[in-house]
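Open the model in your viewer and keep the selection panel at hand. The stops below each give a selection and what it contains.

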Amino acid sequence: MAKLSHQTFKPNKNEKTECFCALCRSPRVIRYSRRLMVRHYFQILTLGFVFTAATYSWFAWNGVAALPIIWIIFESTHKSLYRKDLKCPFCGFDPTWYKKDVKLARRKVEEFLKQNPESPVMHRGRQSKENSQSLRQ
Ligand SMILES: [Zn+2]
């Protein structure tokens, strides 16, 4: 069960990955890749180029200095989108937290279910109970 984290996701052509939540077994679609794709680097370069061109009359080629800043913003935005995407919308299970701290991941799922009593996971009864017990280990 624990092995079903983002390591097992295989990106396909559409960059969408279909999988099942490791905890509640709900079908999931992951839209964001873990790392930036080639086209993202092109987007960063294009943005850097546009910025340099737009500010050329003030900074001349110094506008190129914005490129690493654009890169950092782009990458951190992508990472947070990926993290958000990875978290299960049905039970709040986050494989990234699970890898770092199982107890914390468990607490986050409990908090999520407390805040979302309407979650379909809550109505599955026995199955989700068994799963949360195996999460305890
Ligand atoms: Zn789930």
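## Stop 1: His-40

Select His-40: it has 15 C-beta neighbours inside 10 Å and therefore counts as partly exposed, since the partly exposed class lies between the 12 or fewer neighbours of an exposed residue and the 20 or more of a buried one. The model on screen is a predicted one. His-40 sits in helix H1, which covers residues 38-54. Leaving aside residues up to four places away in sequence, His-40 touches Phe-74 and His-78. Now add Trp-71 to the selection and draw a distance between the two C-alpha atoms: His-40 and Trp-71 are 31 residues apart along the chain, and the separation is 9.6 Å.

## Stop 2: H1 against H3

Extend the selection to the whole of H1 (residues 38-54) and to helix H3 (66-86). How do the axes of these two helices cross? The axes of H1 and H3 come within 9 Å and cross at roughly 140 degrees. H1 and H3 are therefore oblique to each other, because an angle has to be over 145 degrees to count as roughly antiparallel. The crossing of H1 past H3 is right-handed. To display the contact, show these side chains:

- on H1, His-40, Ile-44, Leu-47, Gly-48 and Phe-51;
- on H3, Ala-66, Leu-67, Ile-70, Trp-71, Phe-74 and His-78.

## Stop 3: the loop before H3

Move to Ala-60, in the loop between helix H2 (56-59) and helix H3 (66-86). Check the backbone torsion here: phi of Ala-60 is near 50 degrees, a positive value in a residue other than glycine. Is Ala-60 buried or exposed? With 10 C-beta neighbours inside 10 Å, Ala-60 counts as exposed, because 12 or fewer puts a residue in that class.

## Stop 4: the hairpin

Next select strand E1 (residues 17-20) and strand E2 (residues 27-30). The two strands run antiparallel and are joined by four bridges. Two of the pairings can be picked out by residue: Thr-17 has Ile-30 as its bridge partner in E2, and Glu-18 has Val-29.

E1 and E2 form a hairpin, with six residues between the strands. Select Arg-25, which is placed in this loop between E1 and E2. Arg-25 is not a glycine, yet its phi is positive, at about 65 degrees. Around Arg-25 there are 18 other C-beta atoms within 10 Å, so the residue is partly exposed.

## Stop 5: from Ile-30 to Lys-87

Keep Ile-30, the bridge partner of Thr-17, and add Lys-87, in the loop between H3 and H4. The C-alpha atoms of Lys-87 and Ile-30 are separated by 9.5 Å, with their positions 57 residues apart along the chain. Which residues does Lys-87 touch, not counting residues up to four places away in sequence? They are Gly-92 and Asp-94. Lys-87 has 18 C-beta neighbours inside 10 Å and so counts as partly exposed.

## Stop 6: the largest nonpolar core

Select Cys-21, Leu-23, Cys-24, Cys-88, Phe-90, Cys-91 and Phe-93 together. In the largest nonpolar core, which has 13 residues, these are the ones that touch the most other members. Helix H4 (95-100) and helix H5 (102-115) each supply at least two residues of this core.

From Phe-93, go to Arg-106, which is placed in helix H5. Phe-93 and Arg-106 are 13 residues apart along the chain, and their C-alpha atoms are separated by 7.8 Å. Arg-106 is partly exposed, because 18 other C-beta atoms lie within 10 Å.

## Last stop: the whole chain

Clear the selection and colour the protein chain by secondary structure. It comes to six helices and two strands. Reading from the N terminus, the order of the elements is β-β-α-α-α-α-α-α. How many of the residues are buried? Of the 137 residues in the protein chain, buried ones make up 15%. For a contact map, take the contacts with a separation of 6 or more: residues 24 or more positions apart account for 47% of them.

Key: Residues are numbered from 1 along each chain as its sequence is written. This is a predicted model: local features need pLDDT of at least 70, side-chain atom pairs count only at pLDDT 80 or more; totals for chains, interfaces and linings use all residues. Two strands pair if DSSP finds at least two bridges between them. A nonpolar core is a set of buried Ala, Val, Leu, Ile, Met, Phe, Trp, Tyr and Cys residues joined through C-beta atoms within 7 Å. Two residues are in contact if their C-beta atoms, placed from the backbone, lie within 7 Å. Axes are lines fitted to C-alpha atoms, for helices over the stretch in contact, and angles run from 0 to 180 degrees between N-to-C directions. Angles under 35 degrees count as roughly parallel, over 145 as roughly antiparallel, 65 to 115 as roughly perpendicular and the rest as oblique. A crossing is left-handed if the near helix is turned anticlockwise from the far one by less than a right angle, and right-handed if clockwise.
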